[in-house]
Structure formats: C-alpha cells, structure tokens
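Visitor: I would like a close look at one part of this protein, explained slowly enough that I can follow it on the model.

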Amino acid sequence: YLDVIDTQDTNRNVSWTDLGEQLEGMVEVTNGFDMRCRKLPKKLKEWEAYLVLRKKITDFQDMLPLVEELSKESVKPRHWNEIIKLTGTSFPYDSENFALSHIL
C-alpha cells in the first residue's frame, strides 16, 4: 500500500519536460502494482484499504495513456487552450514548473 502511495506521490512531482523519459517506467511500475494486487488473497480483497488501493492503481492506469498523448511534441498551445476551455481549468503548460500534478 505504501509503495503505491509513495510512487504516485513521486510521479505527481515529475516535471512535464521530464515526463517523456519517465512515462514508460511509470507504466511498468503501475502494472506491477496491479499484478501484485491481483495476487493478494481473496480475504484481503474484501478490505476497504484494498478497494481504495485498487482504485488508485486503476485510475492511474486509465490516466497514463492520456498523459502520454498530451506529452507529445505535436501537442501545441492551441490544443492546451482547447483543453483549458473544455475543462474550465487553467494549466500552466508553458511554465518550467509545470508538473504532472497540475493535471491530476
């Protein structure tokens, strides 16, 4: 449980400019967490902590393909502006301090 929480906290702080080189590792680690959860005894899977953990893992797995697409060089300011308009949320996509935590 703590491994997942610590890893996700670390991932949130990854700078957007460094994201591309770390994305594959994030996918591998998250998939590893998923496999470990699936192998837990059935009784543990009934616990609230397990359900919370599974949700954190699956939410992150669902989000990673979207993050991968957004991190591509082909995504231009006009794309970010459209996302900002659709979500009603401002993202500092052109800032040096822009990190994964800004979009999660």
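Visitor: Which element gives the most to the lining of the largest pocket, and with how many residues?

Guide: The element is helix H2, which gives 4 residues to that lining, and H2 is a good part to follow through the rest of the chain. What you see is a predicted model, in which local features need pLDDT of at least 70 and side-chain atom pairs count only at pLDDT 80 or more, while totals for chains, interfaces and linings use all residues. Residues are numbered from 1 along each chain as its sequence is written, and side-chain values use heavy atoms, with hydrogens and water left out.

The protein chain has 4 helices and 0 strands (DSSP runs of H or I, at least four residues, and of E, at least two, numbered from the N terminus), and read along the sequence its pattern is α-α-α-α. Its C-alpha atoms fill a box of roughly 50 × 30 × 20 Å along the principal axes.

H2 covers residues 16-38, and it packs against H3, residues 48-70, at an angle of about 150° with the axes 10 Å apart (lines fitted to C-alpha atoms over the stretch in contact, with angles from 0 to 180 degrees between N-to-C directions). The two helices are therefore roughly antiparallel, a word used for angles over 145 degrees. On the H2 side the contact (heavy atoms within 4.5 Å) includes Trp16, Leu19, Leu23, Met26 and Phe33, and on the H3 side it includes Tyr50, Leu53, Ile57 and Phe60. By class, the residues of this contact are 14 nonpolar, 3 polar and 4 charged (Ala, Val, Leu, Ile, Met, Phe, Trp, Tyr, Cys and Pro are nonpolar, Asp, Glu, Lys and Arg charged, the others, Gly among them, polar).

H2 also meets H1, and there the axes come within 11 Å and cross at roughly 160°, so this pair too is roughly antiparallel. Asp3, Val4, Thr7 and Asn11 of H1 make the contact with Met26, Val29, Phe33 and Arg36 of H2, and these residues divide into 4 nonpolar, 2 polar and 2 charged.

H1 and H3, for their part, pack at an angle of about 30° with their axes 11 Å apart. That contact joins Val4, Ile5, Gln8 and Asn11 of H1 to Leu53, Lys56, Ile57 and Phe60 of H3, and by class it has 5 nonpolar, 2 polar and 1 charged residues.

Now return to the largest pocket (an open set of points on a 1 Å grid over the protein atoms alone where a 1.4 Å probe fits, with protein on both sides within 12 Å along at least five of seven lines, and lining residues having an atom within 4 Å of a point), which holds about 290 Å³ of space. Of its 15 lining residues, the closest to the centre are Trp16, Ser71, Val75, Trp80 and Tyr93. H2 and helix H4 (77-87) are the elements that give two or more residues to this lining, which has 8 nonpolar, 4 polar and 3 charged residues.

The second largest pocket holds about 220 Å³ of space, and Tyr1, Cys37, Leu40, Tyr50 and Leu53 lie nearest its centre among 13 lining residues. Here helix H1 (2-12), H2 and H3 each give two or more residues, and H3 gives the most, with 4. This second lining has 11 nonpolar, no polar and 2 charged residues.

How values were computed: Parallel < 35°, antiparallel > 145°, perpendicular 65-115°, else oblique. Points joined across faces, edges and corners; volume = space filled by probe spheres on them.
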